[in-house]
Amino acid sequence: MMERHFSLKNYNSFGIEVETEFFAAISNEAELIEVLKSNGNKPFRVLGGGSNVLLTEDYKGLTLVMQNKGISILEETASHVLIEVQAGENWHELVLWALENDFGGIENLALIPGSVGAAPIQNIGAYGVELSSVFHRCKALDLESLSFNEFDKAACEFGYRSSVFKTHLKGKVIITRVQFKLSKKTHQTHTQYGALQASLQGKEMSIQNIAASVIAIRKSKLPDPAQIGNSGSFFKNPVIPVNQFKQLQENYPEIPHYPDTAEKIKIPAGWLIEKLGYKGKRFGDAGVHEKQALVLVNYGNAKGVELLNLAQQIQEQVLQNFGVQLEVEVNIF
Ligand SMILES: Cc1cc2nc3c(=O)[nH]c(=O)nc-3n(C[C@H](O)[C@H](O)[C@H](O)COP(=O)(O)OP(=O)(O)OC[C@H]3O[C@@H](n4cnc5c(N)ncnc54)[C@H](O)[C@@H]3O)c2cc1C
């Protein structure tokens with residue numbers, strides 16, 4: 001059903017109060033096409049759980065929220081299972097379902113907020129695992145022709161917090177279903193990440209224990225959007241050429257870093273921001289989280305533009321002081 005002049009405060013994890021002129025929750029593919037047809041040429045956009053967006057202004061158009069539900073098993077062998085999940089399913093609930101069934105591959109991605117349909121958009125990742133490692137294919141509606149296309153893994157052009165849906169197909173398709181290939185019985189686990197390894201010490205290496213550790217670590221480090229509005233990491237971790245990194249390291253020998261490719265080094269954006277003294281800083285209701293400088297927070301009634309201004313100020317300071325351009329991970333509307 002189409003709503004008018006609808007508040008999106010409960011539909012974005014920053015908890016920003018903005019209004020959309022029209023609003024429709026979508027429960028199946030036929031309804032999606034029907035709503036888009038009736039919308040004609042008016043502007044529209046899509047949201048899942050609203051946990052990777054910063055809404056900066058009222059929207060004069062239609063906001064669609066994907067709420068189609070369902071998980072089905074398409075194929076099963078002794079070692080793997082192929083599942084198809086509707087875009088409106090909650091990501092963490094899918095992880096819990098997989099754990100109950102002892103299907104492996106997404107346990108490290110436990111407690112990431114948001115919908116299944118948005119998960120391929122930025123190739124969600126955490127604790128050494130990215131969605132691309134279990135992704136099989138997805139179905140998406142082409143918004144020009146209103147016909148469905150299928151995308152296999154290669155077509156998605158997955159990268160670090162990126163995919164074709166965040167680059168040249170941005171705003172051109174709506175993902176309606178995603179297929180994942182998960183493991184059965186013999187699971188390949190990824191526990192090299194420091195904090196995860198420490199938390200698993202002395203425990204059985206099951207996917208259930210890995211997920212439990214990931215959940216405990218995340219709860220101790222990241223603010224719960226139900227309590228303090230946020231969109232997780234606001235910036236991507238910069239990946240810089242080795243030469244540039246060496247120069248930085250001369251001035252800051254303690255700078256943490258991880259090899260990316262042979263010529264590039266990844267450095268934690270949170271470290272750069274913290275070094276500039278922003279951790280825990282508050283400007284009105286907009287601020288930088290006290291435990292994780294990569295997370296911007298809304299303490300109550302911050303406006304989207306206030307958070308955007310803070311983000312821009314941080315980008316400028318990081319560029320001036322370290323010569324590093326921080327790229328925003330969150331989608332700005
Ligand atoms: C506390 C917290 C922790 C987080 N931790 C992580 C983390 O560890 N790793 C990580 O990768 N991310 C993390 N995130 C970010 C976020 O959870 C993911 O990006 C998630 O996939 C967003 O899903 P969503 O449904 O909320 O997307 P939304 O915020 O609703 O949308 C994100 C973008 O995708 C588009 N979109 C949404 N659904 C569709 C669709 N069906 N088809 C086409 N386009 C669509 C939207 O237009 C928008 O541009 C975190 C966020 C929070 C709040």
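A salt bridge is a side-chain nitrogen of Lys or Arg within 4 Å of a carboxyl oxygen of Asp or Glu. The exercises below apply this and similar rules to a predicted model.

**Exercise 1. Count the salt bridges, then decide whether Arg 4 and Glu 21 form one.**

Step 1. Under the rule above, the count comes to 11 salt bridges.

Step 2. The closest N and O atoms of Arg 4 and Glu 21 are 3.5 Å apart. The cut-off is 4 Å, so the pair forms a salt bridge.

Step 3. Arg 4 belongs to strand β1 (residues 2-7) and Glu 21 to strand β2, and the pair links distant parts of the chain, 17 residues apart.

Step 4. Exposed means a relative accessible area over 50%. Arg 4 has 51% and is exposed, whereas Glu 21 has 24% and is partly exposed.

**Exercise 2. Describe the salt bridge between Glu 29 and Lys 139, and find the network that holds both residues.**

Step 1. The closest N and O atoms of Glu 29 and Lys 139 lie 3.1 Å apart.

Step 2. Glu 29 is in helix α1 and Lys 139 is in strand β11, so this salt bridge ties together parts that are 110 residues apart in sequence.

Step 3. Buried means under 20% relative accessible area. Glu 29, at 13%, is therefore buried, and so is Lys 139, at 18%.

Step 4. A network of salt bridges links Glu 29 and Lys 139 with Glu 84 and Arg 177.

Step 5. Lys 139 has a further role to note: its charged end sits over the ring of Phe 148, 4.6 Å from the ring centre.

**Exercise 3. Work out what surrounds helix α1.**

Step 1. Helix α1 covers residues 29-39, and its buried residues are Glu 29, Glu 31, Leu 32, Ile 33, Val 35, Leu 36 and Asn 39.

Step 2. An α-helix has 3.6 residues a turn, so residues three or four places apart point the same way.

Step 3. The buried residues of α1 pack against several strands, among them β2 (19-26), β5 (59-66) and β11 (135-142).

Step 4. Now look at the two ends. At the start of α1, a side-chain oxygen of Asn 28 comes within 3.2 Å of the backbone nitrogen of Ala 30. Just after α1, Gly 40 has a positive phi of about 60°.

**Exercise 4. Place Ile 26 and state whether it is buried or exposed.**

Step 1. Ile 26 is part of strand β2.

Step 2. Its relative accessible area is 0%, so Ile 26 is buried.

Step 3. Setting aside neighbours within four places in sequence, the contacts of Ile 26 include Glu 31, Leu 32 and Val 35, as well as Leu 64, Val 65 and Gln 67.

Step 4. From C-alpha to C-alpha, Ile 26 and Gln 67 are 5.3 Å apart in space, although 41 residues apart in sequence.

**Exercise 5. Classify the aromatic pair Phe 234 and Phe 235.**

Step 1. A pair of aromatic rings is described by the distance of the centres and the angle of the planes.

Step 2. In the whole model, the count comes to 13 aromatic pairs. For Phe 234 and Phe 235 the centres are 5.3 Å apart, with 65° between the planes.

Step 3. Planes over 60 degrees apart count as edge-to-face, so this pair is edge-to-face.

Step 4. Phe 234 and Phe 235 are both buried.

Step 5. Elsewhere, ring pairs join Phe 6, Tyr 11 and Phe 23 into a cluster.

Notes
Residues numbered from 1 in each chain as written. Predicted model: local features only at pLDDT ≥ 70, side-chain atom pairs only at ≥ 80, totals over all residues. Heavy atoms only, no water. Phe/Tyr/Trp six-rings, centres within 6.5 Å; stacked < 30°, edge-to-face > 60°. Buried < 20%, exposed > 50% of the residue type's maximum accessible area, 1.4 Å probe, protein only. Lys NZ or Arg CZ within 6 Å of the ring centre and 35° of its normal. Helix = DSSP H or I, 4+ residues; strand = E, 2+ residues; numbered from the N terminus. Contact = heavy atoms within 4.5 Å. Polar contact = N/O pair within 3.5 Å; in protein donor to acceptor, adjacent residues only side chain to side chain.
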